[in-house]
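Biologist: I'd like to learn how to read helix packing and sheets in a model. Could you walk me through one?

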Amino acid sequence: MPLIKHRTIHRTTPSAEFVDDDELGKVKLISNNGRYLRINIRTNGEIVVSKPTGTSRRQVLAFIEESRPHIRRCLEKLSRQRQFKDGDAIGRHHRLVVRQGVRAGSRVSDTLVTVTIPDNYTDLQSRQLVHKAVAKALKSEAEHYLPKRLRMLALKHGFSYQQVRLTFAKSRWGSCSSSGTISLNVGLMLLPDQLIDYVLLHELTHTKHMDHSTAFWRDLELVLPGAKRLRDQLRKYSPYI
Ligand SMILES: [Zn+2]
């Protein structure tokens, strides 16, 4: 895209400027009212430099160069997220369809997650677009499944809790607060059934024991024989979707 330097009074929407970087792909430039250049790496992998009016292109390029190690670290962190590809089963009911197209887009139906990726997208941008759509599908599955399943297991085994929340926590599958709120990770929808039940019953048992004491494990084993074996299996999975 050519860099537009002139301004016309007829323009209603400011057109974005870009820097094409060999390593980073398109870096978007926007204006700010401050005095400093700033860089922002969005969760979709988009790199945005905001610059005070009057900043030269040379200054912007130097700033990108200076920020390169920081940008790399951020991008690497983003790329550690789980990767999904065309044809993958997503959760219990969805299948992922990834296709090329003119415009970026995504759609989640009852059975399909369809993502359209433009040619000019970097790997990371594509992955982030897919990731966002997958997260949406998993959240919808989680909303339909987890609260109902939790209620069922609580009734069956005589536990009570106040409320249930869904999260995208990066390092935990679930938690239980002392006020009786059970939080469950949307990523549970990627686990086998018995491991989902393990997490749900683990958190329900915390409504009686807030620690991982012998009493906690004894009670958990009572409602779920082999609980510790399931705990070991769960370690093979990451809640970071
Ligand atoms: Zn626990």
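Biologist: Let's start with two helices that touch. Which residues of α3 meet which residues of α5?

Modeller: Keep in mind that this is a predicted model. On the α3 side you have Gln194, Leu195 and Tyr198, and they meet Ala227, Leu230, Arg231, Gln233 and Leu234 of α5. Sorted by class, that contact has 5 nonpolar, 2 polar and 1 charged residues.

Biologist: And how do the axes of α3 and α5 cross?

Modeller: The axes of α3 and α5, a helix of residues 227-234, come within 10 Å and cross at roughly 110°. That angle makes α3 roughly perpendicular to α5. As for handedness, the α3 and α5 crossing is left-handed.

Biologist: Now α4. At what angle do α3 and α4 pack?

Modeller: Helix α4 covers residues 214-223, and α3 packs with α4 at about 135°, the axes being 10 Å apart. With that angle, α3 counts as oblique to α4. Leu201, His202 and Thr205 of α3 make the contact with Phe216, Asp219, Leu220 and Val223 of α4. By class you get 4 nonpolar, 2 polar and 1 charged residues there.

Biologist: Is the crossing of α3 and α4 right-handed or left-handed?

Modeller: Right-handed, for α3 and α4.

Biologist: What about α2 and α3: how do their axes cross?

Modeller: The axes of α2 and α3 come within 10 Å and cross at roughly 60°, which makes α2 oblique to α3. The contact takes in Arg149, Leu150, Leu153, Ala154 and His157 from α2, and Asp197, Leu200, Leu201 and Leu204 from α3. Its tally is 6 nonpolar, 1 polar and 2 charged residues. Here α2 passes α3 in a right-handed crossing.

Biologist: Okay, on to sheets. How do strands of a sheet pair?

Modeller: The general idea is that strands of a sheet pair through backbone hydrogen bonds, and the pairing is either parallel or antiparallel. Now the case here: one open sheet has 3 strands in the order β9-β11-β10, with mixed pairing. Its edge strands are β9 (163-167) and β10 (174-176), and each pairs on one side only. On average, neighbouring strands of this sheet are turned by 15° against each other, direction ignored.

Biologist: Which helix packs on that sheet, touching β9 and β11?

Modeller: That's α2, residues 123-157, and its direction makes about 150° with that of β9. Then there's α3 (residues 193-205), which lies across β10 and β11 and runs at about 15° to β10.

Biologist: How many bridges join β10 to β11?

Modeller: There are 3, and β10 and β11 (residues 181-185) run antiparallel. If you want a spot to click on, find Cys176, which stands opposite Ile182 in β11.

Biologist: What is the strand order in the open sheet of 4 strands?

Modeller: The order in that sheet is β1-β2-β4-β3, again with mixed pairing. β1 (17-21) and β3 (38-41) stand at the edges with a single partner strand each, so one side of each has no neighbour in the sheet. Neighbouring strands here are turned by 30° against each other on average, direction ignored. To follow one pairing, take β1 and β2 (residues 25-32): 5 bridges join them, and they run antiparallel. Within that pair, Phe18 has Lys28 of β2 as its bridge partner.

Biologist: Where do the side chains go in a regular strand?

Modeller: In general, they alternate between the two faces of the sheet.

Biologist: Which strands are joined to β8?

Modeller: β6 (residues 94-101) is joined to β8 (residues 112-118) by 7 bridges, and they run parallel. In that pair Gly101 has Pro118 of β8 as its bridge partner. β7 (residues 105-108) is joined to β8 by 4 bridges, and that pair runs antiparallel. Gly105, for one, is bridged to Thr116 of β8. β7 and β8 form a hairpin, with 3 residues between them.

Biologist: Last one: what domains does the assignment give?

Modeller: The domain assignment gives domain 1 (17-79), domain 2 (89-136) and domain 3 (142-234). Between the C-alpha centres of domain 1 and domain 3 there are 43 Å.

Technical notes: Residues numbered from 1 in each chain as written. Predicted model: local features only at pLDDT ≥ 70, side-chain atom pairs only at ≥ 80, totals over all residues. Pairing = 2+ DSSP bridges. Helix = DSSP H or I, 4+ residues; strand = E, 2+ residues; numbered from the N terminus. Axes fitted to C-alpha atoms, helices over the stretch in contact; angles between N-to-C directions. Contact = placed C-beta atoms within 7 Å. Domains from an automatic or database assignment. Parallel < 35°, antiparallel > 145°, perpendicular 65-115°, else oblique. Left-handed = near helix turned anticlockwise from the far one by under 90°. Nonpolar A, V, L, I, M, F, W, Y, C, P; charged D, E, K, R; others polar.
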